[in-house]
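Student: I keep seeing labels for residues and ring pairs, and I'd like to know where they come from. Can we go through some together?

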Amino acid sequence: MKVRHKAASIRKGIKMAFFNSAITVLQTLVIALGAGLGVWGVVNLLEGYGNDNPGANAHVR
């Protein structure tokens, strides 16, 4: 009986290690995606403050 219990315990430990590893990878991916979207948003906001296209203001005369 102890052999079965020990084998089940080892399998459970392997499964938990796999899920813990998968969760860590997913957390890293979500954080990286959020950081990338944040940088993209800041760049888009800052693009509006530039004066790099004077032709865009041609209608204001």
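Student: What makes I23 partly exposed?

Tutor: Keep in mind that this is a predicted model. I23 has a relative accessible area of 45%. Buried means under 20% and exposed means over 50%, so I23 falls in between and is called partly exposed. I23 lies in helix 1, which covers residues 2–47. The protein has one helix and zero strands.

Student: Why is F18 called exposed?

Tutor: Its relative accessible area is 56%. The cut-off for exposed is over 50%, so F18 makes it.

Student: And why does F19 count as partly exposed?

Tutor: F19 comes out at 47% relative accessibility. That value sits between the 20% and 50% cut-offs, so F19 gets the in-between label.

Student: How many aromatic pairs does the structure hold?

Tutor: Just one aromatic pair. The partners are F18 and F19, with ring centres 5.6 Å apart.

Student: Why is that pair called edge-to-face?

Tutor: Rings pair if their centres lie within 6.5 Å, and planes over 60 degrees apart count as edge-to-face. The planes of F18 and F19 are at 65°, so the pair is edge-to-face.

Student: Which residues make the nonpolar surface patch?

Tutor: F18, F19 and I23 make that patch of about 340 Å².

Technical notes. Residues are numbered from 1 along each chain as its sequence is written. This is a predicted model: local features need pLDDT of at least 70, side-chain atom pairs count only at pLDDT 80 or more; totals for chains, interfaces and linings use all residues. Side-chain values use heavy atoms; hydrogens and water are left out. Rings of Phe, Tyr and Trp (its six-membered ring) pair if their centres lie within 6.5 Å; planes under 30 degrees apart count as stacked, over 60 as edge-to-face and the rest as tilted. Buried means under 20% relative accessible area, exposed over 50%, partly exposed in between (1.4 Å probe, protein chains only). Patches are made of residues with over 30% relative accessible area and no salt bridge: like charges are joined within 9 Å, nonpolar side chains (Val, Leu, Ile, Met, Phe, Trp, Tyr) within 5 Å. Accessible areas come from the Shrake-Rupley method with a 1.4 Å probe; for residues, only the protein chains shown count as cover. A salt bridge is a side-chain nitrogen of Lys or Arg within 4 Å of a carboxyl oxygen of Asp or Glu. Helices (H or I, at least four residues) and strands (E, at least two) are DSSP runs, numbered from the N terminus.
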